[in-house]
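Reader: Can you walk me through this one? I'll ask as we go.
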Amino acid sequence: MKLKLEKIKGVSVIFIQEERIDAHNSGELKEYILHLIEQGEVNIIVELERVRFIDSSGLGALLSGYKNAAAKSGKLALACCKQQVLSMFELTRLNRVFEIYADLSEAVENEA
Amino acid sequence: MCNEVIQVDVIIPTQTKYLDFIGSIGEHIAKDLDDFSGDREALAYHLNLVLTEATTNAIKHAAQMTPKNTVRITIHIQDNELNIKVYDHGQGFDLETVPIPDFDQLKEGGMGLYFIRTLMDSVSYTKQADCNVLEIIKYL
């Protein structure tokens, strides 16, 4: 799983550098987020601009991150979802769980 | 109306790195179908997703049980019917007992079959002599 981590205004922003999140790389993403949270980085934004495909295991990895961040009084939000990726969150009603922002600056302003 | 006949038959090792390849086949088929009047981009995503989820399931089942470490996937399109079959060599499961996810208490797993059932028109899982077959039908 190629990704990039940046700290912006105190928020850890994970830039996913893959077009596809599926059962091949979602385990790695899940572990990465979990590790970040264990290090005390509990305010996280996952930037999904490059992602054009996500499957159930990818949604599961993000949901795991959300739950683990929430358990430590933090939050995991999403930014820059493509329409078809967004439709996956809608289909599973996960759009009611995650805060999903159209652009990153808006996400950082609200989550910082 | 789709009057073409397409038959694809692929055998892959039970490794998740091949999911992209299998999903891409579905996406290409959707994009190249003649005379399809629906939302082509949505169909492309849905076929990619359904093939990915079904193959992931087959890989997971197979990994535990058997040295016969391949998954076979067939895609057949004829007379407006798209038929996907995924053959696994695992222990099998009862499709009817797989619950619909609880959306108020969503868990990390169990969404794959929900996607297949929701996005396609018919799903069945049958145990045969030497393998199990997940059969998925979508009317175009």
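Reader: How many residues of chain B are in contact with chain A?
Author: In this predicted model, 25 residues of chain B are in contact with 23 of chain A, contact being heavy atoms within 4.5 Å.

Reader: Conventions?
Author: Residues are numbered from 1 along each chain as its sequence is written, and chains are lettered from A in the order in which they are written. Local features need pLDDT of at least 70, side-chain atom pairs count only at pLDDT 80 or more, totals for chains, interfaces and linings use all residues, and side-chain values use heavy atoms, without hydrogens and water.

Reader: What area is buried between chain B and chain A?
Author: About 2100 Å², with 58% from carbon and sulfur atoms; that is accessible area (1.4 Å probe) lost on being put together, summed over both parts. In chain B, B:Tyr45, B:Phe103 and B:Glu108 lose the most, together 34% of what that side buries.

Reader: How many salt bridges across the interface?
Author: The rule finds 2, taking a Lys or Arg side-chain nitrogen within 4 Å of an Asp or Glu carboxyl oxygen. One side-chain pair that meets this way is B:Asp20 and A:Arg20, at 3.8 Å, N to O.

Reader: Switching topic: how many aromatic pairs over all chains?
Author: There are 5, counting Phe, Tyr and Trp rings (six-membered ring for Trp) with centres within 6.5 Å; planes under 30 degrees apart are stacked, over 60 edge-to-face, the rest tilted. A:Phe89 and A:Phe98 are edge-to-face, because their planes stand at 90°, with centres 5.6 Å apart.

Reader: Are those two buried or exposed?
Author: Both A:Phe89 and A:Phe98 are buried, meaning under 20% relative accessible area (exposed is over 50%, partly exposed in between; 1.4 Å probe, protein chains only). Ring pairs link them with A:Tyr66 into a cluster.

Key. Buried area is the accessible area (1.4 Å probe) that two parts lose on being put together, summed over both.
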